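Q: Please take a close look at one strand of this model. I would like to see what surrounds it.

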Amino acid sequence: MAKVYISRDDKDTVELVLRKGLLVQQAPMWTVLRLALALSLKQIAPPDESFDSLEGGHGGEPTVEVLTGESQKESEGFQDAFRVLLSIYHQQDLFEDKEDKLYARLLQRHIRRGLREIRTSWRESHDFHEFLYQEFFASQQSEANANNVQDAAALLHALEEFGLNAEITETREGPRVTRNLVRLSDAEDYGRLERRLDDLGFTLGLKEAGVFLSPAGEPKTVILDVPRPPQQWKSVGANLLSSWDVPALGLPLLLGVDVEGKPVIRDLAEAPHLLVAGTTGSGKSVCLHALILSILTTRSPQKAQLVLIDPKRVEFAPYKGLPSLFTPVMSEGIEAARCLKSLVREMETREKLLASRGAREWSELDESAPPRLVVVVEELAELFAQAPDAEESLVRLAQKARAAGIHLILATQRPDAATFSGLLRANIPSRIALTVQKGADSRIILDEMGAEKLLGKGDMLVKWLGDKTTRAHGINITQDDISTYLR
Ligand SMILES: Nc1ncnc2c1ncn2[C@@H]1O[C@H](COP(=O)(O)OP(=O)(O)OP(=O)(O)O)[C@@H](O)[C@H]1O
Ligand SMILES: [Mg+2]
């Protein structure tokens with residue numbers, strides 16, 4: 001009989017829910033395990049293999065039959081239903097799996113991920129039933145709401161109000177946004193729609209968030225991305241990082257998923273430098289963690305090393321002591337400025353190395369070349385406040401470090417002229433804009449409007465050197481995720 005293993009922590013969670021969470025007395029363990037399964041199935045990315053191993057011993061081994069109710073009475077079990085669910089979710093035929101090995105493993109991963117979710121999202125002092133209600137039903141209730149913006153009829157109605165005769169030919173539900181392919185009756189209507197886009201958002205009741213319009217590549221057809229309420233979002237979890245297909249690029253970065261849920265990957269080596277900007281709480285730091293973990297999970301220390309500068313002192317502490325660090329994590333502005341100066345010298349040494357090997361780009365060098373360096377600055381404005389001379393070194397690096405295999409990732413809340421001056425700006429062509437307050441802020445970051453209509457929490461517009469701007473939803477990396485990845 002195939003078994004599912006859970007850890008001691010998991011078992012504690014189950015027991016806590018049974019004791020303090022559920023209102024029914026003496027519910028069996030599988031009640032909690034099935035709830036955990038359901039919670040995990042709500043996420044779009046599959047749970048990763050970290051749930052296969054049980055550090056600190058296991059806390060129980062319920063059989064698959066108990067979980068699915070098959071052991072009770074053959075005819076009343078849910079074995080087939082569970083198998084169908086997981087087969088669809090994982091796009092694999094689990095009915096073929098005769099010994100139930102894979103089936104049990106996937107079941108275990110989901111259950112353990114669900115239990116972790118309970119552990120991290122539910123507090124003992126809070127009502128567990130309310131927690132479940134929010135997780136499972138709050139979204140459905142608003143789905144039933146006739147005014148729901150997701151409702152295609154509401155969209156058509158709003159378009160009609162602007163005198164636009166349209167037809168929705170397809171809708172695709174992404175993690176946060178519903179993508180509508182809309183056929184207009186007249187090609188001229190595109191301009192009219194573009195001018196009324198803010199009104200459309202307003203009519204749909206979207207407050208600051210907005211509708212994004214883009215051409216669909218077919219005549220008269222446009223794409224309208226309409227955000228759904230946060231209760232209906234599907235989370236983009238850190239497990240995406242353990243399962244991505246790492247492409248053969250210089251320095252691949254996994255930024256998140258696009259509006260339809262597909263991974264968004266860019267090459268930092270091509271960028272060659274990146275600005276990450278957005279208002280407070282928009283998700284800059286979380287985004288930096290995703291970038292750093294992308295580099296750490298895909299490159300061996302020989303191929304890329306990090307220089308982490310954190311004048312706010314809060315964010316980069318978990319990376320202290322990692323083998324992939326070129327210098328220790330820096331939290332003093334003065335110390336960081338000194339380090340940046342030495343990186344300018346490093347750049348010059350590397351330029352000589354390139355010349356001696358007759359190469360023009362770092363990618364032309366062989367394995368024996370020193371690793372690429374990625375310099376990450378958390379809050380540029382704070383660094384400049386503490387050490388104004390850091391700017392000169394950063395400008396020199398931005399101007400020339402690309403060929404030397406040195407790349408900058410600079411984050412700031414205030415990308416205005418004072419912090420992100422002309423020289424720096426001109427040499428950092430790739431940008432990520434998280435949510436900002438005004439269209440003018442978006443222009444400062446991207447040279448175009450749009451970021452003021454984003455949804456916050458890691459929603460971003462990505463403008464990479466040479467590419468057209470695309471929207472992505474960032475990976476939600478928690479402190480727990482970071483420790484898990486660095487372990
Ligand atoms: N990709 C994401 N998915 C879901 N939630 C997110 C995401 N990114 C950020 N958040 C949420 O937003 C909160 C704020 O994010 P973060 O600390 O990265 O903001 P910030 O822009 O660095 O803010 P500050 O400028 O104040 O440092 C996070 O604690 C998290 O709850
Ligand atoms: Mg921050």
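A: **A close look at strand 11**

Strand 11 spans residues 372-377, and 6 of its 6 residues are buried. Buried means under 20% relative accessible area, with a 1.4 Å probe and protein chains only. Strands (E, at least two residues) and helices (H or I, at least four) are DSSP runs, numbered from the N terminus. This is a predicted model: local features need pLDDT of at least 70, side-chain atom pairs count only at pLDDT 80 or more, and totals for chains, interfaces and linings use all residues. Residues are numbered from 1 along each chain as its sequence is written, chains are lettered from A and ligands numbered from 1 in the order written, and side-chain values use heavy atoms, without hydrogens and water.

Start with the faces. In a regular strand the side chains alternate between the two faces of the sheet. Here Arg372, Val374 and Val376 are buried on one side. Leu373, Val375 and Val377 are buried on the other.

Now the neighbours. Strands pair if DSSP finds at least two bridges between them. Strand 10 (residues 304-309) runs parallel to strand 11, joined by 6 bridges. Isoleucine 309 stands opposite valine 377. Strand 12 (residues 406-412) also pairs with strand 11 in the parallel sense, over 5 bridges. There, isoleucine 409 is the bridge partner of valine 376.

Strand 10, helix 13 (residues 333-356) and strand 11 form a right-handed β-α-β unit. Right-handed means that, with the strands pointing away from the viewer, the path from the first strand over the helix to the second runs clockwise.

How values were computed:
Buried < 20%, exposed > 50% of the residue type's maximum accessible area, 1.4 Å probe, protein only.
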